[in-house]
Amino acid sequence: MLMTSLVRSEKQLQGAGGGASVSIRGLSKRYGNFEAVASTSVEIDSGDFFAIIGPSGSGKSTLLGMIAGYIDPTRGQIVVDGRDIVPEPIYRRNIGMVFQNYALFPHLSVAQNVAYPLKVRGKTRQEIDKRVRESLAMVRLEAFAARLPSELSGGQQQRVALARASIYQPSILLMDEPLGALDKNLRDEMQEEIKRFQQELGVTVIYVTHDQQEAAVLADRIAIMREGSMAQIGSPRALYEKPNSRFVAEFLGEASIFAIRSVLPKRAGRPQRIALEDGTQVSVRMNEEDVGQDRFACIRPERVTIGLKALDLDNVYKGVVCESLYTPGSIRYRVRLNGTGCMLKVRVLPQTDVEVFEPGSDVSLGWSVDDMTVLQE
């Protein structure tokens, strides 16, 4: 593959290594009495793709700004390959940055935009020309070198921004909502482009986005932020399947979540039974630490079986379909359980042998005892 060979050639010529390790230690930022980022510590390995997600105002962009150097932390350290970079100015941190609006110079050509970081670093014309050619080849824009940014599509402008941010071989690449201005199809295409780009360079990426699915597709690990703190850190699968709180479960994907009213007496050889707020009794796996106040039961919609196959599972109920919605790749239902009013979300793949239930249909629902998770607030 042309891109692979060019990147390998670049690394061999320049002696470039992988990305840097990042150790954030007790980092915080206050604006007067407001704590935008509480004391935060996290370890990011060399070459990791680390995503930070969270609702608006959760502190994710502030955290990124402190790493980049354009926001001064109130306290704490940012240790990159063993060196605390907090006292260092932006230009000495060897960090690349890609913004949502790309921040391309409109009056400069594509080649001139990409060359700019090397020009301000005083590189020779010969070296600049060579590395610009290699960088544009890496993002497959060699034929667009003479064009202005206004003559490019959104996806092409994004690739120019990637080439410019990486041309001086930063050890860390920061991305702040880089795909926010693109439509869905182009976002999907650029996700693949960014992931391949990162893997080929081996650079450490710290990526801020509000799009949970985007983070799950791209990242090795995700940090979910809430009110200035990291609520949970883990792989996309671990966060989705084993959330540690109601907030994380609701923020990362769909879920049916119910308050637990009581824990019923344990019967020998049987799974634990609990009563939900509306009186529905279900079987779950529970640890001793799960027994307490403000606990919730959570089940993901794809874990619920609808139809005759549900009758073979641990938790089986009758219900009525209240909503049936076909979306690309899935059929989604909302089902009200008989006798309790408990509403469950269900999602199934639209395979040819799958029965489709219309609103008003009487159905059976079921799930395994291991499919429901007990959460704290």
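# Briefing on a predicted 377-residue model

Arg 140 is partly exposed, because its relative accessible area is 40%, a value that falls between the 20% and 50% cut-offs. The model in which Arg 140 sits is predicted, and Arg 140 occupies the loop between helix 4 and helix 5. The protein holds 9 helices and 20 strands, and 50% of its 377 residues count as buried. The points below take up the fold as a whole, then its core, its helices, its largest pocket and two backbone angles.

**Overall fold**

- Taken along the principal axes, the box filled by the C-alpha atoms of the protein is roughly 75 × 50 × 35 Å.
- Among the contacts with a separation of 6 or more, 67% are accounted for by residues that are 24 or more positions apart.

**Nonpolar core**

- The largest nonpolar core has 47 residues, and those that touch the most other members are Leu 162, Leu 173, Tyr 207, Ile 222 and Ile 224.
- With residues up to four places away in sequence not counted, Tyr 207 touches Phe 49, Phe 50, Ala 51, Ile 52, Met 175, Pro 178, Leu 179, Ile 194, Glu 214 and Leu 218.

**Helix 4 and the residue that follows**

- Helix 4 covers residues 125-138, and its 14 residues should span 20 Å at 1.5 Å a residue, which agrees with the 20 Å that separates its end C-alpha atoms.
- Its buried residues are Ile 128, Arg 131, Val 132, Glu 134, Ser 135, Leu 136, Ala 137 and Met 138, a list in which the charged residues Arg 131 and Glu 134 appear beside nonpolar ones.
- Ser 135, which lies in helix 4, counts as buried because its relative accessibility is 7%, under the 20% cut-off.
- Leaving aside neighbours within four places in sequence, Ser 135 is in contact with Val 114, Ala 163 and Ile 167.
- Helix 4 is followed by Arg 140, whose phi is positive and near 60°.

**Helix 5 and Ser 166**

- Ser 166 is found in helix 5, and at 8% relative accessibility Ser 166 counts as buried.
- Ser 166 is in contact with Met 138, Phe 197 and Leu 201, once its neighbours within four places in sequence are left aside; of these partners, Met 138 is one of the buried residues of helix 4.

**Helix 2 and Glu 177**

- Helix 2, made up of residues 60-68, is mostly covered, with 8 of its 9 residues buried, namely Lys 60, Thr 62, Leu 63, Leu 64, Gly 65, Met 66, Ile 67 and Ala 68.
- Gly 69 follows helix 2 and has a positive phi, near 110°.
- Glu 177 is found in the loop between strand 7 (172-176) and helix 6 (184-201), and Glu 177 counts as buried because its relative accessibility is 12%.
- Not counting residues up to four places away in sequence, Glu 177 touches Lys 60, Gln 100, Val 208, Thr 209 and His 210, and Lys 60 is itself one of the buried residues of helix 2.
- Glu 177 and Ile 53 are 124 residues apart along the chain, and their C-alpha atoms are separated by 10.0 Å.

**The largest pocket**

- Rolling a probe the size of a water molecule over the atoms shows where empty space is left.
- About 490 Å³ of space lies in the largest pocket, and of the 19 residues that line this pocket, Ile 90, Ile 95, Met 97, Arg 121 and Tyr 168 are the closest to its centre.
- At least two residues of the lining come from each of strand 6 (95-98), helix 3 (110-120) and helix 5 (154-166).
- By class, the lining of the largest pocket is made up of 15 nonpolar, 2 polar and 2 charged residues.

**Positive phi angles outside glycine**

- Most residues other than glycine have a negative phi.
- Arg 140, although not a glycine, has a positive phi of about 60°.
- Glu 227 is not a glycine either, and its phi is positive at about 50°.
- Glu 227 is found in the loop between strand 9 (221-226) and strand 10 (229-234), where Glu 227 is exposed, with a relative accessible area of 68%.

Key:
Residues are numbered from 1 along each chain as its sequence is written. This is a predicted model: local features need pLDDT of at least 70, side-chain atom pairs count only at pLDDT 80 or more; totals for chains, interfaces and linings use all residues. Side-chain values use heavy atoms; hydrogens and water are left out. A nonpolar core is a set of buried Ala, Val, Leu, Ile, Met, Phe, Trp, Tyr and Cys residues joined through side-chain atoms within 4.5 Å. Buried means under 20% relative accessible area, exposed over 50%, partly exposed in between (1.4 Å probe, protein chains only). Contact means heavy atoms within 4.5 Å. Helices (H or I, at least four residues) and strands (E, at least two) are DSSP runs, numbered from the N terminus. The expected span of a helix is 1.5 Å times one less than its number of residues. On a 1 Å grid over the protein atoms alone, a cavity is a set of points where a 1.4 Å probe fits but cannot get out, and a pocket is an open set with protein on both sides within 12 Å along at least five of seven lines; lining residues have an atom within 4 Å of a point. Grid points are joined across faces, edges and corners, and a volume is the space filled by probe spheres set on the points.
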